[in-house]
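Open the model in your viewer and keep the sequence panel beside it. The stops below go from strand to strand.

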Amino acid sequence: MDYFEPYSYQTSDGEYKGIDVELAEEAFQRLGYQPEFEKVVWEDKEKLLSDGTIDCLWSCYSMNERENKYQWAGPYMYSRQMVVVRAESEIRTLQDLKGKRIAVQATTKAEDIFLHNIESDLPQAEQVNCFSSPNELYAALRKNYADAIAGHEAMLGSLIQDGKGAYRMLEESPYKSELGIAFKKGTHEELAETLTEMQSEGITEKIVTKYGLDADETLPGGESK
């Protein structure tokens, strides 16, 4: 894994936490395994998987455009890119972003979407500014350098919570990723069935909502129990 709250991270006392951590613990326990969690340099993930250093990649990993690269278990969740504006903004829909100033974090899915490196129906912005960190992104909106900011739903959700009414999230999502667990091809096909069982029993929803995500929006089929 790589660290990305609320999916996978490590607390100050060294304990692994997050949605993916709890899902992995439950799923592998059902299959008779005791998982060992390792933070890896994410750029090295394919080499580590192919040489057997690790058995799977489970860290908010998008299946989109990688469908044939691995043996996937999933999608077990959806991960949404969202847009946040100041509370008093007149921007209500994605189409209202036409001609506006958008800020995103560099090298993220949001950057590709708003620069139209990924095909979408988004209108043309006046400018797209790319920042190196979430804090710089938040400052751009707070200081009115940008009309809107875009990024991962979990990241922007914490901004709204901390802002205490100063910001709001648009209802529409410009992009939704399918999250999966990546194995070497031909291995561990049984995990997919286990994940389906966990969702049907309400286990997945319980874990997702514990970390503040909307199960109806993030789980396949919106199947809340």
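Two strands count as paired if DSSP finds at least two bridges between them. Strands themselves are DSSP runs of E with at least two residues, numbered from the N terminus, and helices are runs of H or I with at least four. This is a predicted model, in which local features need pLDDT of at least 70, side-chain atom pairs count only at pLDDT 80 or more, and totals for chains, interfaces and linings use all residues. Residues are numbered from 1 along each chain as its sequence is written, and side-chain values use heavy atoms, with hydrogens and water left out.

**Stop 1: β3.** Select residues 71-86, which form strand β3. Of these 16 residues, 14 are buried (under 20% relative accessible area with a 1.4 Å probe, protein chains only; exposed is over 50%, partly exposed in between). The strand is therefore largely enclosed by the rest of the structure.

**Stop 2: β8.** Add residues 175-183, strand β8, which runs antiparallel to β3 and is joined to it by eight bridges. To find the register, pick W72 and its bridge partner in β8, A182.

**Stop 3: β7.** Next select residues 167-169, strand β7. Three bridges link β7 to β3, again antiparallel, and R86 lies opposite Y167.

**Stop 4: β6.** Select residues 148-152, strand β6, which pairs with β3 in the antiparallel sense through four bridges. Here M82 faces G151, and V83 has A150 as its bridge partner. How many of the residues of β6 are buried? Five of its five are.

**Stop 5: β4.** Finish with residues 101-105, strand β4, which pairs with β6 in the parallel sense over two bridges. Look for I102 opposite A148 in β6.
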